[in-house]
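I opened the notebook to record what I looked up in this structure. The entries follow the order in which I went through it.

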Amino acid sequence: MTLQIGVIGTGMIGQDHIRRLTQVLSGARVVAVSDIDRSRAASAAPEGAEVFETPQALIRSDKVQAVVICSWGPAHEEQLLDCIAAGKPVFCEKPLVTSEAAALRVIEAEVAHGSRLVQVGFMRRFDADYRRLKAVIDGGSLGAPLIYRSVHRNASVPERLYTSDMPLNDTLVHDADISRWLLGDEISGVEVRVPRRNSRGNELRDPVMVLLHMGSGAIVDVEISVNIAYGYDIRGEVSCEQGVAALPNRPAVVVSDAHGIRQAIPEDWRERFIEAYDQEFREWIVAAGRGTATGPSTWDGYAATLVADAALRAVESGAREDIRMIQKPGLYDRTVKAAA
Ligand SMILES: NC(=O)C1=CN([C@@H]2O[C@H](COP(=O)(O)OP(=O)(O)OC[C@H]3O[C@@H](n4cnc5c(N)ncnc54)[C@H](O)[C@@H]3O)[C@@H](O)[C@H]2O)C=CC1
Ligand SMILES: O=C1[C@@H](O)[C@H](O)[C@@H](O)[C@H](O)[C@H]1O
């Protein structure tokens, strides 16, 4: 069976996902697109795909069996609720939504539907290196994890569109999610420290240091730098009771010549996580074909939203801000086996 997909939002990542769904992966076809910028949607539409005037019309269309949301974060809630109302599986890029209240509305709608429909775009969980790191920690040979260092550096971010709150409510969500997943634990409190500003970033609050306090007492120390110029550099290191497991920036061919020894650095997230995005969609296509979702859920999107909100409070208060989650609905405890 070929899954008929509609894509909402045909900007940077929307176009990249259309490319992988059209040229890389099997089992799916992009049959519909929509964007508030109609001409962008028209030029991104693969051959034969219909351009819809509104996301709502695309979601309701009989030709669309599953939806991919790549619009801006504040638009996600309405589009997610429309997908759930239509009973259609939906892959939603991060952030799930941009407020706790919105996350709770999506949880309520999905729980009322009775089974998972939503998968959130936390692609690190599908990255082979992160999966190996998790296997080492879960294997238990290093003992309990005590400290996790998460380095998240972007060469640059889009001027004007990327604002001062975004290191904390857009970029940090990946580190929050991967910390919860790697350590198998919830985040109970957040602190933020703001060092000297990077003058390359205009007025942006950049870099930021974030401490995530895990329920177990383990601490995650996150560096977010979004204008570091030299490339996209993502690292993680877990210090455990009797050993350390580390994920360096993506390994690449080591070149030795008259200029020294060097390795290429990925330019951006598209390059660093190219296989992870492919894998998250491979697994999503299988799950969506069965009318459901797999991997990062609405619950995980809700947890990351609470961390973003707490981080924004913490940057103002200078103190630890606590996080309180609602009781986890049973729906999010069930495992859906998607991969063949
Ligand atoms: N998982 C990841 O690593 C990444 C995730 N993202 C996420 O993907 C989403 C899109 O980001 P980009 O592609 O970088 O942004 P972008 O600005 O390049 O594209 C967003 C597109 O959505 C359209 N749009 C905005 N509101 C809309 C609405 N209400 N209805 C229909 N179309 C709408 C815009 O016109 C634009 O074409 C964001 O939520 C972002 O956080 C982005 C980059 C990487
Ligand atoms: O999700 C992403 C972007 O939206 C975000 O702006 C970047 O900071 C992240 O590294 C990237 O993975």
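**Entry 1: a loop and its proline.** I began at Pro95, which sits in the loop between β5 and α5 (100-113). The model is a predicted one, and I kept that in mind throughout. I looked up the peptide bond between Lys94 and Pro95 and found it to be cis, with omega at about -10°. Lys94 came up again when I listed what surrounds ligand 2.

**Entry 2: ligand 2.** Which residues surround ligand 2? I noted Lys94, Asn154, Val157, Asp170, Thr171, His174, Val226 and Trp269. Helix α7 (residues 166-183) supplies the largest share of this shell, 3 residues. Sorted by class, the shell has 3 nonpolar, 3 polar and 2 charged residues.

**Entry 3: ligand 1.** I then turned to ligand 1, which has 24 residues around it. Gly9, Gly11, Ser71, Ala75 and Glu93 come nearest among these. The elements giving two or more residues to this shell are α1 (12-24) and α4 (73-86). I checked which of the elements gives the most, and it is α1, with 3 residues. The shell divides into 10 nonpolar, 8 polar and 6 charged residues.

**Entry 4: the parallel sheet.** Strands of a sheet pair through backbone hydrogen bonds, either parallel or antiparallel. I traced an open sheet of 6 strands and wrote down its order as β3-β2-β1-β4-β5-β6, with parallel pairing. Why is one side of β3 and of β6 left without a neighbour in the sheet? β3 (50-51) and β6 (118-120) stand at the edges and have a single partner strand each, so one side of each is free of a neighbour in the sheet. I looked at one pair more carefully: β5 (residues 90-92) is joined to β6 by 3 bridges, and the two run parallel. In this pair, Cys92 stands opposite Val120 of β6.

**Entry 5: the record.** In UniProt, an unreviewed entry lists residues 4-122 as "domain: Gfo/Idh/MocA-like oxidoreductase N-terminal". I found this span to be 45% helix and 20% strand, with its end C-alpha atoms 22 Å apart.

**Entry 6: the mixed sheet.** A further open sheet has 7 strands in the order β12-β11-β7-β10-β9-β8-β15, and its pairing is mixed. Its edge strands are β12 (243-247) and β15 (321-322), each pairing on one side only. Between β11 and β12 I found 5 bridges, and these strands run antiparallel. Ser239 stands opposite Val244 in β12.

**Entry 7: helices across the strands.** Helix α7 lies across β7, β8, β9, β10 and β11, at about 145° to β7. Helix α10 (residues 298-317) lies across β8, β9 and β15, and runs at about 40° to β8.

**Entry 8: backbone details.** Asp206 and Pro207 are joined by a cis peptide bond, with omega about 0°. Pro207 is in the loop between β8 (187-193) and β9 (208-214).

I also looked up positive phi values in residues other than glycine. Arg160 has phi near 70° and lies in the loop between β7 (145-153) and α7. Is Arg160 buried or exposed? Arg160 counts as exposed, because it has 6 C-beta neighbours inside 10 Å and the cut-off for exposed is 12 or fewer. Ala229, with a positive phi of about 70°, is in the loop between β10 (219-225) and β11 (233-240). Ala229 has 11 C-beta neighbours inside 10 Å, so I entered Ala229 as exposed too.

Technical notes: Residues numbered from 1 in each chain as written. Chains lettered and ligands numbered in written order. Predicted model: local features only at pLDDT ≥ 70, side-chain atom pairs only at ≥ 80, totals over all residues. Pairing = 2+ DSSP bridges. Helix = DSSP H or I, 4+ residues; strand = E, 2+ residues; numbered from the N terminus. UniProt positions renumbered as here; feature names shortened; annotations may be inferred. Near = placed C-beta within 6 Å. Nonpolar A, V, L, I, M, F, W, Y, C, P; charged D, E, K, R; others polar. Buried ≥ 20, exposed ≤ 12 C-beta atoms within 10 Å, placed from the backbone. Contact = placed C-beta atoms within 7 Å. Axes fitted to C-alpha atoms, helices over the stretch in contact; angles between N-to-C directions.
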